[in-house]
Amino acid sequence: MDRRVVVTGMGTINPLSNNVEDLWSAIKAGKSGIGPITKFDATEFPSKIAGEVKDFNPSDFMDSKEHRKMGLFTRFAVAGAVEAMKQAGLDKEIIEPYRSSVILGNGIGGFEIIEDAHRVLFEKGPKRIPPMTIPKLLSNEGPGNIAIKFGFKGPAYVVTTACASATDAIGQAMNAVRTGLSDVIITGGSEAAITELGVGGFCVLKALSTKRNNDPEKACRPFDEDRDGFVIAEGSGILVLEELEHAKARGANILAEIAGYGATCDAFHLTAPNSDAISASTAMSEAIQDAGLEPSDIDYINAHGTSTPTNDPLETKAIKIALGDHAYKLKVSSTKSMTGHLVGAAGGIEAIISIMAIRDQFFPGTLNLENPGEGCDLDYVPGIGVPGKIKAVLSNSLGFGGHNGTLAIKEYVE
């Protein structure tokens with residue numbers, strides 16, 4: 001367990017941009033990637049807004065023969081992996097195949113593939129179902145396609161824990177490198193659930209924001225008293241994790257250290273978090289301890305911060321349980337206020353944002369936070385972010401099913 005785990009590459013497709021540097025520029029500027037739904041006619045849907053990916057051309061990242069066989073969530077994942085591998089300076093010519101793995105988070109899989117095949121089934125019959133329907137919709141096809149593209153022959157699998165999927169995938173990847181199972185792992189998450197079934201399903205759960213369909217950039221309001229639900233989004237956040245000595249031996253540029261991981265389950269309710277907040281706080285405490293840190297070492301928390309009435313005060317309560325008085329001395333923010341909620345990919349993009357925050361010593365803001373709601377009394381960096389000293393970060397993800405995952409990410413020090 002003394003093998004240290006570092007990040008050497010990052011890639012993303014998201015509502016703000018299709019690369020990491022432009023994403024980070026937009027986050028620092030306090031821009032929103034949320035707008036009206038254009039993927040389908042949302043007239044009859046209570047929520048008509050989303051964080052859609054824009055100007056994405058899969059042919060920029062892979063040839064058409066490849067991406068025609070993929071669902072959208074897989075295209076996002078592979079595109080993010082291409083950028084991450086390029087930054088890491090890795091390709092199939094220099095990796096050791098059986099020491100290289102893929103552990104990817106995904107919450108839902110290929111919803112658009114299911115919907116399209118369902119229409120064909122009922123309009124034209126079972127013989128007309130497209131032959132690639134099953135391979136394109138399965139969640140494991142994300143890591144499978146990445147493994148094929150880069151020749152990674154170690155373990156390749158998907159982690160599905162709803163909105164905690166990417167965080168749990170990164171945590172499992174960290175432990176796989178630590179324990180010697182792999183030297184290089186592509187990890188993170190992807191999601192593409194902005195479909196009629198995806199949006200409609202979340203609408204009937206009363207989970208999505210509906211109050212600001214005519215002002216979408218103001219709709220996601222984490223910790224604000226006027227929040228009314230999350231805004232669904234899509235994309236990917238992909239990282240290359242590497243064993244430290246392996247990275248140093250090849251002269252890799254080290255971006256940060258993944259130092260700790262904590263995971264718990266509320267064992268309480270399928271969609272609602274436990275009001276005692278103990279399980280969520282325990283995940284944070286486990287991550288801090290796993291990283292060899294103290295609560296006082298944490299400078300910033302990238303919160304799950306969904307902008308739902310239930311999540312935000314309970315996550316605040318969990319932070320206070322885990323960090324005690326120090327909770328009032330650090331900064332917390334929800335970058336979902338700008339990206340929307342990428343569901344199973346959320347932890348991936350938020351880990352990337354956390355690493356960029358350490359790199360540039362900049363606390364991302366919480367857009368649209370004007371009047372903190374009841375129970376929300378921490379420093380959430382309202383509005384646009386601010387510069388400041390950051391050495392250690394927690395990134396939280398809380399998912400349906402009671403899944404809680406936290407990563408502890410540190411500035412890399414030799």
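Ala, Val, Leu, Ile, Met, Phe, Trp, Tyr, Cys and Pro are counted here as nonpolar, Asp, Glu, Lys and Arg as charged, and the others, Gly among them, as polar. On this scheme the lining of the largest pocket comprises eleven nonpolar, 14 polar and two charged residues. The structure is a predicted model, and every value reported below was computed from it.

The volume of the largest pocket is about 470 Å³. Its lining consists of 27 residues, and those closest to the pocket centre are T271, A272, P273, T308 and F400. Two elements, β13 (392-399) and β14 (403-410), each give two or more residues to this lining.

Closed internal space was examined next. Two cavities of 30 Å³ or more are present in the structure. The largest cavity has a volume of about 80 Å³. Thirteen residues line the largest cavity, with P273, N274, A280, L314 and L398 lying nearest its centre. Elements that contribute two or more residues to this lining are α10 (278-290) and α11 (311-323). Helix α11 supplies four residues, the largest share of the lining. By class, the residues around the largest cavity are seven nonpolar, four polar and two charged. P273 is thus listed both among the residues closest to the centre of the largest pocket and among those nearest the centre of the largest cavity.

The second largest cavity encloses about 30 Å³ of space. Its lining is made up of I95, E96, R99, S100, D183, V184 and H246. These residues divide into two nonpolar, two polar and three charged.

Helix packing was described for two pairs that share α13. Two packed helices are described by the angle between their axes and the distance between the axes. For helix α7 (residues 165-178) and helix α13 (residues 346-360), the axes come within 5 Å and cross at roughly 65°. Angles of 65 to 115 degrees count as roughly perpendicular, and α7 and α13 are therefore roughly perpendicular to each other. The contact is formed by A166, T167 and I170 in α7 with G347, G348 and A351 in α13. By class, the residues of this contact are three nonpolar, three polar and no charged.

In the second pair, the axes of α1 and α13 come within 10 Å and cross at roughly 75°. This angle makes α1 roughly perpendicular to α13. On the α1 side the contact involves V20, E21, L23, W24, I27 and K28, and on the α13 side I349, I352, I353, M356, A357, R359 and D360. Nine of the contact residues are nonpolar, none is polar and four are charged.

The number of salt bridges in the model is 23. One salt bridge joins the side chains of E21 and R359, with an N to O distance of 2.8 Å. E21 belongs to helix α1 (residues 20-29) and R359 to helix α13, so this pair ties together parts that are 338 residues apart in sequence. Both E21 and R359 are also listed in the contact of α1 with α13.

How values were computed
Residues numbered from 1 in each chain as written. Predicted model: local features only at pLDDT ≥ 70, side-chain atom pairs only at ≥ 80, totals over all residues. Heavy atoms only, no water. 1 Å grid on protein atoms, 1.4 Å probe; cavity = no way out; pocket = protein on both sides within 12 Å on 5 of 7 lines; lining within 4 Å. Points joined across faces, edges and corners; volume = space filled by probe spheres on them. Axes fitted to C-alpha atoms, helices over the stretch in contact; angles between N-to-C directions. Parallel < 35°, antiparallel > 145°, perpendicular 65-115°, else oblique. Contact = heavy atoms within 4.5 Å. Salt bridge = Lys/Arg side-chain N within 4 Å of Asp/Glu carboxyl O.
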